[in-house]
Amino acid sequence: LQYLQQSNIYLQILHSPESIRDNVMVASLQHRRYEPKAASARQWQNPVLISIGALILITLTNYISIAKYVNQNEKKALLTSNNNLPASSSSTTRLLRKANSLTSYWWPSQDDGGLMAKIYNVQHPADCSSPSTKFFVLRSLMKNERDTRGLTAFAHAASSHLLHALTDGDKFKKFGSRILITDDVMWPMARNCANGPETRECYFEPLTSCKLSDVDPMNTSNSSAFLKDSSDEYDRSIRTLYSARKKWFRLTGQKYSWTGLGGGDIDHSTIFMLAATLAYYLRPNPYIREQIDKRLRQSLPSDIDPDRTIGVPIRRSDKCYGHTLEGSARGELDCPALDVYLNGVKQFVDFDPLVENVIVTSEDKAACDEFVELVKKELPQLRIILNIGDVQQGTGSGSMLEAYVDQASNEDVVVSALTSMHMHLRARYFVITSLSTWTSTIAVMARVYGFASEVYVHDVGRNRNLFAALARKGCEPLTGERGK
């Protein structure tokens, strides 16, 4: 080794000559410079040096080949791991899990930490039977079988009741939190559920690990109470509180009081809290996750770039004044013409010429088909992405869903709707009407949990409330702006 170092042979080898023969020549030439005078030394030193040089070269070559092979396979394993990566792994792995789910199922989880984990932990206490564990029971409407609310309308009501429970009606500092739990009355969208109970748990994860058997019955006056109206005051020491059987809910003014974060609502984002409570409510159960995943893989192209994608969730049918759909909610707005949606798309294309895709979804098949033809005609350069297999039942109402499309079940409708929401998380630009809770929710969820680097919203039917402002620009309206 000392001789090799002196003769610089090892440097020649590290510079990777083209063949072993070249290395042998280098070893021979360098050896001649330091050739011992004794003839007997010449007889054995040449073969030894040649052998050592060849051995070092072969070893280095094998090492480099093995290193490259291992590195390539490590990268391949990361790219193909997708959601199979362990949930308890590092933050880097969680980011990879989301990035690798661009064309498959992904939804925020308590395993990601943050507000989702905080909500989950409160909703999963160590001892549900403890007298110190307090409950808020979310009751169905009096005539729940006729409840025409849509999926996100239910989610918004539950989100507000969840904040009521977490803050105990803005009295957290003195009384702590309650566990939100739903009753077991039939949920209109879960009628004839084939894979679970006829409640929201037909499709979604339970809100809590506690059971209705853990709560106090309504007839136990010393430990339970019920609200006649959502704004009613109540005794915070009561263990079990039952909600009013109405559509509306109590508005929470101190949304962050239960988190332990300093500064409260003044220092923290309203949109993150609302998005987290909605995401928590809309966590699909394993069976529904599998269905959404299959549909996403069928619908989303493998090369989709969220930053070059426009989302157009068109809400029409029973949302419009003058519809004749029996059993649906009454219309709420003069639905914008499809040309108005198209102009919104054109504005984004002019703003960002790199746009390549437009995701088009709607519960109204006729409107969806007509808009697709408009895009093909006016913007032929865009690739149109549709929710393949979408039921398009022609209503957003929650009851009698199976009555609108032949051979369609409530499950098909719910999975179709959730798939559309998940697809729109892959967009950067949105054309919505904030008069629709459905399209506003998509915009809010995309701002917080979407795949694009940023979100821009063009509102073609403006609502004048907090949630509409969050959908449009991601923050609360300024003073005096609510009516604009």
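Select D293 to begin: leaving aside its neighbours within four places in sequence, this residue is in contact with S104 and Y105, so showing those two partners alongside D293 displays the contacts in question. The model on your screen is a predicted one.

Extend the selection from D293 to the helix that carries it, α11, which runs over residues 286-299. Is D293 buried or exposed? Its relative accessibility is 18%, and because buried means under 20%, D293 counts as buried.

Next, colour the chain by pLDDT, for which the protein averages 83, with 76% of the residues scoring at least 70. Two stretches deserve a careful eye. Across residues 23-41 the pLDDT stays under 50, and the model has 24 contacts for this stretch beyond four places in sequence. Residues 74-88 likewise have a pLDDT below 50, and in the model this stretch has 19 contacts beyond near neighbours in sequence.

Now select helix α6, residues 114-123, together with helix α10, residues 270-281; these two pack at an angle of about 55°, with their axes 9 Å apart. That angle makes α6 oblique to α10, and the crossing of the two helices is right-handed. To see the contact itself, show the side chains of L115, M116, I119, Y120 and Q123 on α6, and on α10 those of F272, M273, A276, T277, A279 and Y280. Sorted by character, the residues of this contact divide into nine nonpolar and two polar, with no charged ones.

Keep α6 in view and ask which of its residues are buried. They are L115, M116, A117, I119, V122 and Q123. To find what lies over these buried residues, add the covering elements, which include α7 (151-167), β2 (179-182), α10 and α15.

The last of those elements leads to the final stop, where α15, residues 437-449, should be selected with α16, residues 466-473. The axes of α15 and α16 come within 8 Å and cross at roughly 50°, and the two helices are therefore oblique to each other. Their crossing is left-handed. On the α15 side the contact is made by T437, S440, T441, A443, V444 and R447, while α16 contributes F467, L470, A471, R472 and K473. Colouring these residues by character separates the contact of α15 with α16 into five nonpolar, three polar and three charged.

Key
Residues are numbered from 1 along each chain as its sequence is written. This is a predicted model: local features need pLDDT of at least 70, side-chain atom pairs count only at pLDDT 80 or more; totals for chains, interfaces and linings use all residues. Side-chain values use heavy atoms; hydrogens and water are left out. Axes are lines fitted to C-alpha atoms, for helices over the stretch in contact, and angles run from 0 to 180 degrees between N-to-C directions. Helices (H or I, at least four residues) and strands (E, at least two) are DSSP runs, numbered from the N terminus. Angles under 35 degrees count as roughly parallel, over 145 as roughly antiparallel, 65 to 115 as roughly perpendicular and the rest as oblique. A crossing is left-handed if the near helix is turned anticlockwise from the far one by less than a right angle, and right-handed if clockwise. Contact means heavy atoms within 4.5 Å. Ala, Val, Leu, Ile, Met, Phe, Trp, Tyr, Cys and Pro count as nonpolar, Asp, Glu, Lys and Arg as charged, and the others, Gly among them, as polar. pLDDT is the predictor's confidence in each residue, from 0 to 100. Buried means under 20% relative accessible area, exposed over 50%, partly exposed in between (1.4 Å probe, protein chains only).
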